[in-house]
Amino acid sequence: MSDRAFATRAIHSGQQADPVTGAIIPPIYQSSTHVQDGIGGFRGGYEYNRAGNPTRDSLQTQLAALEGGVAALSFASGLAAEDALLRGILRPGDHVLLGNDVYGGTYRLLTTVLAPWGIATTTAELSDLDAVRAALRPETKIVWVETPSNPLLKIVDIAAVAEIAHAAGAAVVVDNTFASPALQQPLSLGADLVVHSTTKYLGGHSDVLGGAVVFGDDRFVEPVTFQQFAVGAVSAPLDAWLTTRGIKTLDVRVRRHSENALAIAEWAVDRPEFGEVYHPGLSSHPGHEIAARQMSGFGGMLSLGLAAGPEAARAFAESTELFQLAESLGGVESLIGYPPEMTHASVRGTALAVPENVVRLSVGIEDVADLIADLEQGLARIASR
Ligand code: PLP
């Protein structure tokens, strides 16, 4: 299957028809344990659901194929995946270099949960390669990249950062949640590991929580798999199955998300109500050229800075109708959020604080004229306050 194109792999990898009944969709193995043919006589290698489940395996095969990895693990959430990766690989005294515009929960995990166990974390502007070099330490084990980043859509040159990190003996992890493998495949650019909140574009329908780690080579497979088994933050069979179903339409969905987001970004740059439009598809975006090189589309995320300031941003986030006010992203329906008090509340007042005049849009796959009309009526509504 690895010689097939992306859209084909997304539909067929790990998705063989049921050998007994011919059901074209592999069943949901909603079972906590498996009968043994004598002690240790595991059928198909299955013993107990925390250690392995056929539905989870089918998703893991699909995830590895999408990212071009040697293996993948599926978890109960994106943060559970990040936690297993970090605790599987790191030891007390190790240092993590984190991009300065990553998802607030990643920063919180490292600085509040893992710091007391001896993991040091610092942040740097990873789009500045000199800043990357300066921030590396002898004890740096991981450089954590998120590109495009959440919520300011900064772009990091994955290949360039990987070269610098590898020369310093550090591994590169890319959080590929915003782009999805339909648009960007970090392992092929030199990253060592990929993480996902599969809750977002991979699931794609706002109906399931999940996370994934994908491995570029064998080095970290054993310790992270052991961490998953020993701690148990696995994805449940139904959740794994829903994610598998979502992935089959990933390619077409993400292309429509990208088209819609670019059209809205182009509309927004001409509106005086917005001081800043953050979207890597705009030629004015500082990371545009790198994004055009390492991505095959610019994604469905977009942030807007309201020229009138924070109060206008809060009011705008509460004034749209099709863009529903909610956390999360990557579903077929459009969402709007106010990061300083929602997704990024945990980094308010830190080095990762988001400008207070920013709203974030997760642009769905509705008709784009309807979406723009909705944003226009939101602007009219706040103007008439
Ligand atoms: N990474 C990114 C970029 C995210 O946006 C999120 C959640 O919003 C996560 C990781 C964490 O994923 P989850 O909410 O599935 O734990």
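A cavity here is a set of grid points where a 1.4 Å probe fits but cannot get out, and its lining residues are those with an atom within 4 Å of a point. Keep in mind as you look around that this is a predicted model.

With that in hand, let's start inside. The structure holds 4 cavities of 30 Å³ or more, and the largest cavity comes in at about 70 Å³. Its walls are built from Gly-99, Asn-100, Asp-101, Val-102, Ala-124, Glu-125, Leu-126, Ser-127, Glu-146, Ser-149, Lys-154 and Val-156. Sort that lining by class and you get an even split, with 4 nonpolar, 4 polar and 4 charged residues.

Pick Glu-146 out of that list and stay with it for a moment. Glu-146 sits in strand β4, which covers residues 140-146. Its relative accessible area is 5%, so Glu-146 counts as buried, the cut-off for that being under 20%. What does its side chain reach? One partner is the backbone nitrogen of Tyr-103, at 2.8 Å. Another is the backbone nitrogen of Asn-150, which lies 3.0 Å from a polar atom of the Glu-146 side chain. Setting aside neighbours within four places in sequence, Glu-146 is in contact with Asp-101, Val-102, Tyr-103, Lys-154, Val-156 and Asp-175. For a sense of the spacing here, Glu-146 and Ile-158 are 12 residues apart in sequence, with their C-alpha atoms 9.4 Å apart in space.

Now walk along the chain from Glu-146 into the loop between β4 and α6 (158-167), where you will find Pro-148. The peptide bond leading into that proline, from Thr-147, is cis, with omega near -5 degrees. The loop between β4 and α6 also holds Pro-151, and the bond joining Asn-150 to Pro-151 is cis as well, with omega about 10 degrees. Most peptide bonds are trans, and most residues other than glycine have a negative phi.

The backbone has some features of the phi kind too. Ser-180 has a phi near 70 degrees, a positive value in a residue other than glycine. You can find Ser-180 in the loop between β5 (171-175) and β6, and at 1% relative accessibility it counts as buried. Ser-328 also has a positive phi, near 80 degrees. That serine is in the loop between β10 (324-325) and β11 (335-337). Is Ser-328 buried or partly exposed? At 26% relative accessibility, Ser-328 counts as partly exposed.

Ser-180 leads us to His-196, since Ser-180 is one of the residues His-196 touches. His-196 has its place in strand β6, residues 193-197, and with 3% relative accessibility it counts as buried. Its side chain makes a polar contact of 2.7 Å with the side chain of Glu-67. Beyond residues up to four places away in sequence, the residues His-196 touches also include Gly-78, Asn-176, Thr-177, Pro-181 and Leu-202.

Let's step back to the overall layout. The domain assignment gives domain 1 (6-247) and domain 2 (250-383). The contact between them takes 41 residues from domain 1 and 43 residues from domain 2, and the C-alpha centres of the two domains lie 26 Å apart.

Where is the largest pocket? Both domains give residues to its lining, so the largest pocket lies between domain 1 and domain 2. It offers about 410 Å³ of space. Its lining has 27 residues, with Leu-79, Tyr-103, Asn-150, Ser-197 and Lys-200 lying nearest the centre. Tyr-103 and Asn-150 are familiar from the backbone nitrogens that the Glu-146 side chain lies close enough to pair with, at 2.8 Å and 3.0 Å. By element, α3 (78-89), α4 (104-114) and β6 each supply at least two lining residues. By class, the lining divides into 8 nonpolar, 12 polar and 7 charged.

The second largest pocket has about 220 Å³ of space, and it too lies between the domains, because domain 1 and domain 2 both contribute to its lining. Of its 15 lining residues, Lys-154, Ile-155, His-285, Pro-286 and Gly-287 lie nearest the centre. The lining here has 8 nonpolar, 5 polar and 2 charged residues. Lys-154 may ring a bell, as it also lines the largest cavity.

A last stop is Asp-251, in helix α9 (residues 250-269). At 18% relative accessibility, Asp-251 counts as buried. Apart from neighbours within four places in sequence, Asp-251 is in contact with Phe-6, Ala-7 and Ala-182. Leu-183 is 68 residues away from Asp-251 along the chain, yet their C-alpha atoms are separated by 8.5 Å.

How values were computed:
Residues are numbered from 1 along each chain as its sequence is written. Side-chain values use heavy atoms; hydrogens and water are left out. Helices (H or I, at least four residues) and strands (E, at least two) are DSSP runs, numbered from the N terminus. Buried means under 20% relative accessible area, exposed over 50%, partly exposed in between (1.4 Å probe, protein chains only). Contact means heavy atoms within 4.5 Å. On a 1 Å grid over the protein atoms alone, a cavity is a set of points where a 1.4 Å probe fits but cannot get out, and a pocket is an open set with protein on both sides within 12 Å along at least five of seven lines; lining residues have an atom within 4 Å of a point. Grid points are joined across faces, edges and corners, and a volume is the space filled by probe spheres set on the points. Ala, Val, Leu, Ile, Met, Phe, Trp, Tyr, Cys and Pro count as nonpolar, Asp, Glu, Lys and Arg as charged, and the others, Gly among them, as polar. A polar contact is a pair of N or O atoms within 3.5 Å; within protein, one must be able to donate a hydrogen and the other to accept it, and residues adjacent in sequence count only if both atoms are side-chain atoms. Domain bounds come from an automatic or database domain assignment.
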